[in-house]
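Thanks for sharing this one. Below are a few notes from my read-through, set out as numbered points so that you can check each against the structure.

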Amino acid sequence: MIDTKHTFLVFGSTGRTGRHFISLVLKEGHKVRALVRNPEKVEIENSNLELVKGSIIDFENINELVSGVDFVISMLGDAKLQKTKNVNTTFVKRLIPVMRRQGVKRFLYQAGGFSRPYKESLPFMFLVLKNTLVRFSGLLGQHRDNEAVIEYLVEEAKDIEWMVHRASIISDDNSKGVLLRSKTKNSLATFIDCATYNYLLLTDNSAIHTCDLSYYAKQ
Ligand SMILES: NC(=O)c1ccc[n+]([C@@H]2O[C@H](COP(=O)([O-])OP(=O)(O)OC[C@H]3O[C@@H](n4cnc5c(N)ncnc54)[C@H](OP(=O)(O)O)[C@@H]3O)[C@@H](O)[C@H]2O)c1
């Protein structure tokens, strides 16, 4: 789907979106470098896949991780830790300056549909669901962290070609179709469709500095 072969630096590649993402990107013939806490979770064997063991919390050599990559993508999440700490934000604040130094421009961050875009409020129904469903699922902290990442990117990373996907995901079922970008429309998608969407979004120049939802044009 993307003609030129690239190297993707992936965070969250053992997660529900991330594992579909690396599988697709490798199938397409690209290279993947992935920071993983538990390499044994990765079932793929591929000479184009480089696993680096470590955690975003205390990983020291970000310089080496970023060196030589074309795209950086985060599908990170640790809902338990994010209840009290903005761990993703702390990490993104360490990552972006390194990307700058290494001349790596493009960064995709997957947040959620309930993560508020910068200085905007969520539509009424999203607010209701956020204060009920999301709160009781213990995911408010994850969205607070995602929102802090978005704020940092908007305010302090204008020189980086960042894009945020505010995904709404319901299941790990098979593909239900192709997701498109929208400021207002969203669909409850599958992880595999979100992964495919992320892959295509990374080369979409019109998505730079957007923080949009995704929806199925046809189902
Ligand atoms: N799940 C949903 O329904 C949903 C819906 C909409 C949006 N989102 C958003 O999408 C993003 C990713 O969600 P997901 O559900 O695909 O992810 P997930 O299944 O929760 O997986 C999270 C990934 O992050 C990795 N990770 C967590 N802490 C780490 C650390 N300290 N160092 C290195 N890696 C770490 C995990 O590694 P381990 O395997 O080692 O744990 C895993 O690979 C989140 O921002 C979330 O808000 C999710």
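By class, how many nonpolar, polar and charged residues does the shell around the ligand have?

1. The counts are eight nonpolar, 14 polar and four charged residues. Please keep in mind throughout that this is a predicted model.

2. On the ligand surroundings: the shell has 26 residues, and those that come nearest are Thr14, Gly15, Thr17, Gly77 and Gly112. Two elements, β5 (106–112) and α6 (140–156), each give two or more residues to this shell. The largest share comes from β5, with three residues.

3. Strand β5 deserves a second look for its setting as well. Six of its seven residues are buried, so β5 is largely enclosed by the rest of the structure. On one pairing, β5 runs parallel to β4 (residues 71–74), joined by four bridges; here Phe107 of β5 has Val72 opposite. In another pairing, seven bridges link β5 with β6 (residues 161–167), again in parallel, and Ala111 is partnered with Arg166 of β6.

4. Following the strands onward, β6 also pairs with β10 (residues 211–216), in parallel and through two bridges. Asp212 in β10 is the residue opposite His165. The pairing of β10 with β8 (residues 179–182) is antiparallel and has four bridges, with Leu213 of β10 as the bridge partner of Ser182.

5. Next, the nonpolar core. The largest one has 51 residues, and the most contacts inside it belong to Phe8, Val10, Phe21, Val72, Ile73, Trp162 and Val164. Helix α7 (residues 191–201) gives the most to this core, namely seven residues. As general background, nonpolar side chains in soluble globular proteins tend to be buried together.

6. Val10 is a handy residue to centre the view on. Beyond its neighbours within four places in sequence, Val10 is in contact with Gly18, Phe21, Ile22, Val32, Ala34 and Ile73. Phe21 and Ile73 also appear among the core residues with the most contacts.

7. Is α7 mostly covered or mostly uncovered? Mostly covered: nine of the eleven residues of α7 are buried. The buried set includes the aromatic residues Phe191, Tyr197 and Tyr199, along with Ile192, Cys194, Ala195 and Leu201. Asp193 and Asn198 are buried too, so you may like to look at how they sit among the others; by the burial criterion, 20 or more other C-beta atoms lie within 10 Å of the residue's own.

Note on methods
Residues numbered from 1 in each chain as written. Predicted model: local features only at pLDDT ≥ 70, side-chain atom pairs only at ≥ 80, totals over all residues. Near = placed C-beta within 6 Å. Nonpolar A, V, L, I, M, F, W, Y, C, P; charged D, E, K, R; others polar. Buried ≥ 20, exposed ≤ 12 C-beta atoms within 10 Å, placed from the backbone. Pairing = 2+ DSSP bridges. Core = buried A, V, L, I, M, F, W, Y, C linked by C-beta atoms within 7 Å. Contact = placed C-beta atoms within 7 Å.
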